[in-house]
Amino acid sequence: MSEFLVTGATGNVGRRVVQLLAARGSTVRALTRNPDAAELPEGVEVTGGDLSDPDTLEGALTGTDTVFLVWPFLTTGGAPAVLETMARHARRIVYLSSSGVNEHAERQTDPIHQLHADMERLIEKSGLAWTVLRSDTIASNARGWAEQIRTTNVVRGPDIAPAAVIHEGDIAAVSVRTLTDDGHAGAKHVLTGPQVLSRGEQVHTIGEAIGRPLRFEKVPVQLAREQMLADGRPAALVEALLAGAATRPESHLVTSTVEEITGAPARTFRSWAEEHADAFR
């Protein structure tokens, strides 16, 4: 029986991957920097480790067959050493990437897409059997608006091109299928939700879920930068996030990949908003 190592195990997607694997009865090991605070299902082996320090991964990888990788950094600087360590133990890897990656472009449209493109190339050369999941905008990103919604009923921020927002539960469900089923080696699956939505439409949908009228107010990038820095976000992260506001091309891409792989249609952003309504009240 395969043993799975899930990185980013306490994140929005990784936590659900752990839960779904555990529910199947799989042997799953969850990697986290702070095992004592993980709060993962009983029976899951929670192990300490840090992707920024490959030496801390040896114990977590011992006996592991398959890895689910979320790369949490803005550069690939430490990735070759991490992948080398993984390849000494595991044989398969599933990597969570971005639907914005254009593999035909010499350079990507923004730093985050470039990061994922660079990671994909490293993984392809790692010697591991690999599967790439190119996800569109994840619905749980909207939780970042919660305080503004609770206190002002207005979300202020830079306007970014509309996206087919995807429920993190659907990403996790596809992830588990590609981790556990044969036939996905060498595949690059593009995952989207069922509908392309602007930020304004997302905010309006959350308003309907909580029973209050909400609106989105576009803010110039410079003002957004100043506010994000004032909120304490690292400068490099702020620049990476805001780069896409000006350069990310419009996309109307909607795929059926979630349903093809899981057998269930991708969930709507409305269903996500109703599921998480209490976070915005």
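Here is a short conversation about how some terms apply to this predicted model.

Colleague: Let's start with Thr32 in strand β2. Why is Thr32 called buried?

Modeller: The relative accessible area of Thr32 is 9%, and buried means under 20%, so Thr32 counts as buried.

Colleague: And which residues is Thr32 in contact with, leaving aside its neighbours within four places in sequence?

Modeller: Those are Thr10, Ala38, Val46, Thr47, Gly48 and Gly49. Contact here requires heavy atoms within 4.5 Å.

Colleague: Now the helices. What makes α1 and α6 oblique to each other?

Modeller: Their axes cross at roughly 50°. Angles under 35 degrees count as roughly parallel, and 65 to 115 as roughly perpendicular. The crossing of α1 and α6 falls in neither range, and therefore the pair is oblique. The two axes come within 9 Å, and the crossing is right-handed.

Colleague: Which residues meet there, in α1 and in α6?

Modeller: From α1 there are Arg16, Val17, Leu20 and Leu21. On the α6 side they meet Glu168, Gly169, Ala172, Ala173, Ser175, Val176, Leu179 and Thr180. By class, this contact has 7 nonpolar, 3 polar and 2 charged residues.

Colleague: How do you know which classes are present in the contact of α3 with α4?

Modeller: Look at who takes part: Ala79, Pro80 and Leu83 in α3 meet Met119, Leu122 and Ile123 in α4. Ala, Pro, Leu, Met and Ile count as nonpolar, so the contact divides into 6 nonpolar, no polar and no charged residues. The axes of α3 and α4 come within 10 Å and cross at roughly 35°, and this crossing is right-handed too.

Colleague: Back to Val17. What is Val17 in contact with, apart from its neighbours within four places in sequence?

Modeller: Val17 is in contact with Val6, Phe68, Ala172, Ser175, Val176 and Leu179.

Colleague: Which members of the largest nonpolar core touch the most other members?

Modeller: Val6, Val17, Leu21 and Phe68, out of 27 residues. The elements giving two or more residues to this core are β1, α1, β2, β5, α6 and α10. The most comes from α6, with 5 residues.

Colleague: What lies apart from that core?

Modeller: Another core of 22 residues, including Leu69, Ala79, Met86 and Trp130.

Colleague: And why might one look for such cores at all?

Modeller: Because in soluble globular proteins, nonpolar side chains tend to be buried together.

Methods. Residues numbered from 1 in each chain as written. Predicted model: local features only at pLDDT ≥ 70, side-chain atom pairs only at ≥ 80, totals over all residues. Heavy atoms only, no water. Core = buried A, V, L, I, M, F, W, Y, C linked by side-chain atoms within 4.5 Å. Buried < 20%, exposed > 50% of the residue type's maximum accessible area, 1.4 Å probe, protein only. Helix = DSSP H or I, 4+ residues; strand = E, 2+ residues; numbered from the N terminus. Axes fitted to C-alpha atoms, helices over the stretch in contact; angles between N-to-C directions. Parallel < 35°, antiparallel > 145°, perpendicular 65-115°, else oblique. Left-handed = near helix turned anticlockwise from the far one by under 90°.
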